[in-house]
Amino acid sequence: MSAQRDILPLSLQGAGYAVGGKRLLSDISIRIPAGRRLIVLGANGAGKSLFLRLCHGLIEPSAGRRIWASGEARAEAQAMVFQRPVLLRRSVAANLDYPLALKGLGRADRARTVSATLDRFGLTAMADQPARLLSGGEQQRLALARAWAMRPQVLFLDEPSSSLDPSATRIIEEMVGQFSIDGITIVMSTHDLGQARRLAEDVAFLHRGRLIEHRAAPEFFAGPWAPEARAFLAGDLIW
Ligand SMILES: Nc1ncnc2c1ncn2[C@@H]1O[C@H](COP(=O)(O)OP(=O)(O)O)[C@@H](O)[C@H]1O
Ligand SMILES: [Mg+2]
């Protein structure tokens, strides 16, 4: 296998995204370095999901540019997990095995990786169960484990625990912490202030499709500059 070139930092330069003449993201400039945990914060409808899709490459900027350090997007070096897990109608183990096979891993390597992944994230007892029969929290745990098994350099997480109860949410947050320890760069959206405080090293605050603030988390939470961010932290309803 060829050596993995670093795809980070990822830069957006004046990036915008419009649908049918409607500007949904405007003039976003940001540099996302390797090795950090960036929380993308903002109210519902602020543009968090679109921002992650634009970074990941599911949508293309209609203005400005997206630039990977490697020069090109490299699908195998990045992964994304959505609010609702997208799982195959197959067993838990098969859900882990399938993307590894697509990546070109041989049978023995796959078996080893699947088993290590099941073990690491407490899924071994469920290995042969149909993934669709797992609880919501277990399904999301599987979706994150599957992303981890691909050894991405950067993992985009779009509100991965927003439909989960507190105990399932805690497990997801612990997994995100583990990913960081493994050196995976995290870019994760949430509208949950408590979660942002628990996980963020850096914060990108979005409001109406614009990046209003991007700062180290301690500084952001100590006192954001922007009135919209201050209102959000104070719990005012903004839109
Ligand atoms: N394909 C689309 N066409 C039109 N409007 C869209 C489309 N996708 C998203 N939007 C709108 O763009 C805004 C931002 O959406 P989104 O990124 O999903 O917000 P968030 O994830 O912060 O809740 C919302 O007002 C949403 O309705
Ligand atoms: Mg969203």
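Arg215 lies over the face of Trp225, at 3.8 Å from the ring centre. That's one place to start in this predicted model, and Arg151 gives you another, with its charged end over the ring of Trp148, 4.4 Å from the centre. Beyond those, have a look at the aromatic cluster, the ligand site, the largest pocket and a couple of backbone oddities.

**Aromatic rings**
- Five aromatic pairs turn up in the structure.
- Four phenylalanines, Phe205, Phe220, Phe221 and Phe232, come together as one aromatic cluster.

**Around ligand 1**
- Ligand 1 has Val19 and Leu24 around it, along with a run of neighbours in sequence: Ala43, Asn44, Gly45, Ala46, Gly47, Lys48, Ser49 and Leu50.
- Ala46 works through its backbone here, placing an N or O atom 3.1 Å from an oxygen atom of ligand 1.
- Leu50 does likewise, with a backbone N or O atom 3.0 Å from a ligand 1 oxygen.
- Ser49 uses its side chain instead: an N or O atom there is 2.9 Å from an oxygen atom of ligand 1.

**The largest pocket**
- Expect a volume of about 470 Å³ for the largest pocket.
- Its lining takes in 19 residues, and the ones nearest the centre are Ala79, Met80, Pro99, Arg146 and Met150.
- Three elements each give two or more residues to that lining: β5 (78-81), α2 (92-102) and α4 (136-149).
- As for character, the lining of the largest pocket splits into 14 nonpolar residues, two polar and three charged.

**Backbone oddities**
- For background, most peptide bonds are trans, and most residues other than glycine have a negative phi.
- The bond from Leu8 to Pro9 goes the other way: that peptide bond is cis, with omega near 0°.
- You'll find Pro9 in the segment before β1 (10-19).
- Glu159 is the other one to check, a non-glycine residue with a positive phi, near 45°.
- Look for Glu159 in the loop between β6 (154-158) and α5 (166-181).

Methods:
Residues numbered from 1 in each chain as written. Chains lettered and ligands numbered in written order. Predicted model: local features only at pLDDT ≥ 70, side-chain atom pairs only at ≥ 80, totals over all residues. Heavy atoms only, no water. 1 Å grid on protein atoms, 1.4 Å probe; cavity = no way out; pocket = protein on both sides within 12 Å on 5 of 7 lines; lining within 4 Å. Points joined across faces, edges and corners; volume = space filled by probe spheres on them. Helix = DSSP H or I, 4+ residues; strand = E, 2+ residues; numbered from the N terminus. Nonpolar A, V, L, I, M, F, W, Y, C, P; charged D, E, K, R; others polar. Phe/Tyr/Trp six-rings, centres within 6.5 Å; stacked < 30°, edge-to-face > 60°. Lys NZ or Arg CZ within 6 Å of the ring centre and 35° of its normal. Near = heavy atom within 4 Å. Polar contact = N/O pair within 3.5 Å; in protein donor to acceptor, adjacent residues only side chain to side chain.
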